[in-house]
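Please walk through this model from the overall fold down to single strands and residues. The sequence and structure come next.

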Amino acid sequence: MNLAFRFCFVFCWIALNSTPSVVLAVEDWTQFRGPQGDGMIPKVDLPLEWSESTNVRWFTKIPGLGWSSPVVVGNRIYVTTAVAESEDAKSLAGPQQLRLVCIDSQDGRELFNRQVLEQGKEAPKVHEKNSHASPTPIVDGDRLYLHFGHQGTVATDMEGNVVWKNCENPYPPTHGNGASPVIVGDLLIVTCDGGDKPGTIALDKRSGKEVWRTPRDVAADRKFSFCSPSIFHIDGQDQLISAGSNIVQSLDPKNGKVIWSVQYDGYSVVPKPIMSQGLVYICTGFGPTTLLAIDPSGKGDVTETHVRWKYKSQNVPKTSSVVAYRDQIIMASDQGVSAAVDCKTGGELWKKRLGGNYSASPLLNGDNIYFQSEQGDAVVLQLGEEPIEIAKNTLPGRIFASYAIVDNHLLIRAEGGLYRIGK
């Protein structure tokens, strides 16, 4: 990794984002959607062409089933997985071993595979598009933090040895788990949006003990959601943006107090919030499918005062997250239609059919945006006044995990295992 590329990454990271307080090394992909948590990287020479036999540097089988995305630290890649104790290794019901797998990024060798939690026989079946290991781990210093929703949260060292466990926040899940954790200061933030008492919880990352808990202060017929929270630094203050059924809350991460909130009609919210051009963008999930642009400068319930625009359209994703590109918000609907809207007005700029169904979140590399379908088809668009499809590639098996990057190569987690794709 040359010095110019590192400088480019640091400069772009500082100029375009206001989220984490520490600049990460470019080769480290330490959380869901990358170092910034928004699916954006500066332009690098990523591959445009691949298949099961083309530009595959290595492929490593991963036992069981998991849709967490990979995280990368140095020459190591970490993923979680759930291994059924029944004869069907990919069973969605019954006892599961919840495991952490470490892979050498250079040659794809499995370095270790450790069980960190055990899921009992009473565990409910998850949705057919979900797994028992869907939240992406997060890395901070010499610790990995693994979240398994209602089953619990685990901190390990980099060798997979358990440092602490917290299984004190059980809740009745609907369709399983999905929201990935975030870290701010000494706090690990998780959400618990199941069938009862939904809310946001902060754990002390050193001990795993609960520091604060904030409920979703709104009525909802369907309380379940799967939205990974986001951290933004706004007007000198950190804001934790946590969305769930019928409400998005901005919380003070130090104490969990609500700074502002916006109510809407939506449930099973999945897309992770992003921020661009001074506004926070929220997809409202199932129900009236809407993208909201919110001015984050308000206090209290700002539903009537700080929602700058609404884009109500079937083009808005229910599952994959959106990405900011210059003065646009780019997205892909679950039904495979990509669209762009103006950041300031919410006006639709273009739409283009990709084909297939989409759950994985896109990756923006310079002017190229990489989409990944559930069927294994990856579509790359070159963005401009009108998008141009410049590549379409296919891998076998279903894909629900989002992209990760190691050096200038793509990591793609498919149903059978993990691919490193590079020229």
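Two strands are taken as paired if DSSP finds at least two bridges between them. Strands themselves are DSSP runs of at least two residues, numbered from the N terminus. The model is predicted.

By these terms the protein chain holds 1 helix and 34 strands. Its C-alpha trace spans about 55 × 50 × 40 Å along the principal axes. A compact globule of 423 residues would have a radius of gyration near 22 Å, and the 20 Å of the protein chain agrees with this. Among contacts with a separation of 6 or more, 54% are between residues 24 or more positions apart.

The surface and the interior can be described next. About 16,200 Å² of the protein chain is exposed, and carbon and sulfur atoms supply 48% of that area. Of the 423 residues, 61% count as buried, where buried means under 20% relative accessible area. The chain carries 41 positive and 46 negative charges, and the mean positions of the two sets are 1 Å apart.

One strand serves to show the local arrangement. Strand E26 covers residues 337-342, and 6 of its 6 residues are buried. Val337, Ala339 and Val341 point one way from E26, while Ser338, Ala340 and Asp342 point the other way. Both sets are buried, Asp342 included.

What joins E26 to E25 and to E27? Strand E25, residues 328-332, runs antiparallel to E26 and is joined to it by 5 bridges. Strand E27, residues 348-353, is likewise antiparallel to E26, again with 5 bridges. Ala340 can be used to trace both pairings: Ile330 stands opposite Ala340 on the E25 side, and Trp350 in E27 also stands opposite Ala340.

The connections on either side of E26 are hairpins. Between E25 and E26 there are 4 residues, and Gly336 in that turn has a positive phi of about 90°. The hairpin of E26 and E27 has 5 residues between its strands, and there Gly346 takes a positive phi near 80°.

A residue from another strand, Ile405, completes the tour. Ile405 lies in strand E32, which comprises residues 404-406. Is Ile405 buried or exposed? Its relative accessible area is 7%, and the limit for a buried residue is under 20%, so Ile405 is buried. From Ser228, Ile405 is separated by 177 residues in sequence and by 20 Å in space, C-alpha to C-alpha.

Conventions
Residues numbered from 1 in each chain as written. Predicted model: local features only at pLDDT ≥ 70, side-chain atom pairs only at ≥ 80, totals over all residues. Heavy atoms only, no water. Rg over C-alpha atoms; globule rule 2.2 N^0.38 Å. Buried < 20%, exposed > 50% of the residue type's maximum accessible area, 1.4 Å probe, protein only. Contact = heavy atoms within 4.5 Å. Areas by Shrake-Rupley, 256 points an atom, 1.4 Å probe, with all protein chains shown as cover. Lys, Arg positive; Asp, Glu negative; His and termini not counted. Charge placed at Lys NZ, Arg CZ, Asp CG, Glu CD.
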